[in-house]
Every structure is written in C-alpha cells, then in structure tokens.
Amino acid sequence: MAELYVKPGNKERGWNDPPQFSYGLQTQAVGSKRTLLTKRVAAGQDGSPRAPASEAILGPPPKGPPPFSNKVPGHTRVGSCPPISSMDFTNFQDAESEPLLEDVLKPLEQALEDCRGHVKKQVCDDISRRLALLQEQWAGGKLSMPVKKRMALLVQELSSLKWDAADDIHRSLMVDHVNEVSQWMVGVKRLIAEKKHLSSEKEATEEKPVITTEENQTVPVIFGTP
C-alpha cells in the first residue's frame, strides 16, 4: 500500500524547486476530476447577470450594525480527553511493530527456488545476489520503516499470486524510496516477472487437453465369404 505524503523540494538545486509527491498521491491525481472554471453565468431577461443560486436563497446581506443582544454567551466547558485503554495501546503497538527479516526474505528465496530449472542460471544468480544485498542492508539498519512495511506487503501479495498488486508496491518503492531500494529492487522486480510467467505456463499446461494417440493399435481384419 502506497503512502500519501508530499516531500519538500530540493533546496540544493534552487529555492523554488517544486515539491515531490509520493506514488500514492500521483496515482490519485490521475483519476481526479478538474473543476471547470470556464462556465458563464446565465444572463437574465433584462440583460443583467443572474446571481448565483446560493446568493438568491440567502438574500442580500443585512445593512447596518448587528442587533444588540443582552444575552451573555456561556462558557463552554472543555472536557478531558478519554483515557486510552490498554487494548488500544496494544493494537497501536502491533500496528507499529517492525516486520521481521525472515518473514520477508524466506518467501522471496522460496520463489527463487521455484524458478530454478525453468529460468536461466545467470538470471537466478543475479536475483540471488540482489536478495543478498537486501538482507545485508536490512540487517545493517540501512532500510527505513516504510520500506520494510511495504516489502512485507509485497511478499504477502507475491505469496497470494497477486502479481499486479506486488508490482504496484514495487513501483511505489522505486518512486518514493529509490535511494534505499535501487540496488536490490531490480532483482525483486525480475523475480515477480519470472514467477508470474512460470505460473501462467503452469496454468496453460493444466488446462491443455490430453490427446491420446492410436498409432500402435492393431485393427482386426474380417474377410468376408464370396
């Protein structure tokens, strides 16, 4: 799942450098509708422009000072915030818990083993080197919490055979955290593609009908009487 945030512009390049939008905001902006500002207000019968509907319903603003009131506004009593229960705090801790390296790396290595024998050895070796870089950077504390959480989601989608969702998470990581993931994300992307191709071939083989041949069967010959 892509996060929604806006990062400030690069001050080293210039003070007016535009901000950087996250991958989630960019995908939302594509489907959003723009407000049309070219609509004209229809003119009345006398040629004068017609007032908007909201102004016609509310009427013109009152003239003169506001009426004097003898009522003294009461003081609003501010209540204290409700205490946070222990259950809510436990759920908050679970939501912020850090994903484990084993839970992310083990499914990726298993997917790589499934591809061996069906994919070229050079491709598998390159993916293995990329996964080793991922393990090294994760264990060395060089990956941020958003990267770890998105990788955990990517592995879940990959294990569920949801190739498009896994690839979308890969793109969000490349857009929002390219400096952290650029060295090993290429291997993860290739692994998703090879695993998807392997699954498609397996489904096509299972759906292909089995054709039995009758080449070596003997056909009895019956000689009729003249």
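Gln137 touches Lys142, Leu143, Glu180, Gln183 and Trp184, once its neighbours within four places in sequence are set aside. If you would like to find this residue in the predicted model, look in helix H5, which covers residues 121-139. Is Gln137 buried or exposed? With a relative accessible area of 11%, Gln137 is buried, because buried here means under 20%. One of its partners, Gln183, lies 46 residues away in sequence, yet the C-alpha atoms of Gln137 and Gln183 are 9.9 Å apart in space.

Another of those partners, Trp184, is a good next stop. Which residues does Trp184 meet, leaving aside its neighbours within four places in sequence? The list is Arg130, Leu133, Leu134, Gln137, Leu143, Val147 and Met151. Leu143 therefore appears twice on this tour, because heavy atoms within 4.5 Å count as a contact and Leu143 meets both Gln137 and Trp184.

**The nonpolar core**

Trp184 also takes us into the largest nonpolar core, which has 31 residues. The members that touch the most others are Leu108, Leu131, Leu134, Met151, Trp184 and Val188. Which elements give two or more residues to this core? They are H4, H5, H6, helix H7 (163-176) and helix H9 (185-207). H4 provides the largest share, with seven residues.

**Two helices side by side**

H4 spans residues 101-115 and H6 spans residues 145-159; these two helices pack at an angle of about 35 degrees, and their axes are 9 Å apart. The crossing of H4 past H6 is left-handed. On the H4 side, the residues that take part are Asp103, Val104, Pro107, Leu108 and Ala111, and they meet Met151, Ala152, Val155, Leu158 and Ser159 of H6. Sorted by character, the residues of this contact comprise eight nonpolar, one polar and one charged.

**Leu191 and Leu161**

Helix H9 holds Leu191. This leucine is buried, because its relative accessible area is 0%. Not counting residues up to four places away in sequence, Leu191 touches Leu108, Ala111, Leu112, Cys115 and Ile127. Val123 is 68 residues from Leu191 in sequence, while their C-alpha atoms are 9.3 Å apart.

Leu161 sits in the loop between H6 and H7. What is notable about the phi of Leu161? The angle is positive, about 65 degrees, although Leu161 is not a glycine. Leu161 counts as partly exposed, because its relative accessibility is 47%.

Here are the three residues with their accessibility, side by side.

| Residue | Relative accessible area | Class |
|---|---|---|
| Gln137 | 11% | buried |
| Leu161 | 47% | partly exposed |
| Leu191 | 0% | buried |

**The whole chain**

Now for a step back. How many helices and strands does the chain have? There are nine helices and two strands. Along the sequence, the elements come in the pattern β-β-α-α-α-α-α-α-α-α-α. The chain has 226 residues, and 22% of them count as buried. Its accessible surface comes to about 18600 Å², with 56% belonging to carbon and sulfur atoms. Among contacts between residues at least 6 apart in sequence, 63% join residues at least 24 apart.

How values were computed
Residues are numbered from 1 along each chain as its sequence is written. This is a predicted model: local features need pLDDT of at least 70, side-chain atom pairs count only at pLDDT 80 or more; totals for chains, interfaces and linings use all residues. Side-chain values use heavy atoms; hydrogens and water are left out. Axes are lines fitted to C-alpha atoms, for helices over the stretch in contact, and angles run from 0 to 180 degrees between N-to-C directions. Helices (H or I, at least four residues) and strands (E, at least two) are DSSP runs, numbered from the N terminus. A crossing is left-handed if the near helix is turned anticlockwise from the far one by less than a right angle, and right-handed if clockwise. Ala, Val, Leu, Ile, Met, Phe, Trp, Tyr, Cys and Pro count as nonpolar, Asp, Glu, Lys and Arg as charged, and the others, Gly among them, as polar. Buried means under 20% relative accessible area, exposed over 50%, partly exposed in between (1.4 Å probe, protein chains only). A nonpolar core is a set of buried Ala, Val, Leu, Ile, Met, Phe, Trp, Tyr and Cys residues joined through side-chain atoms within 4.5 Å. Accessible areas come from the Shrake-Rupley method with a 1.4 Å probe; for residues, only the protein chains shown count as cover.
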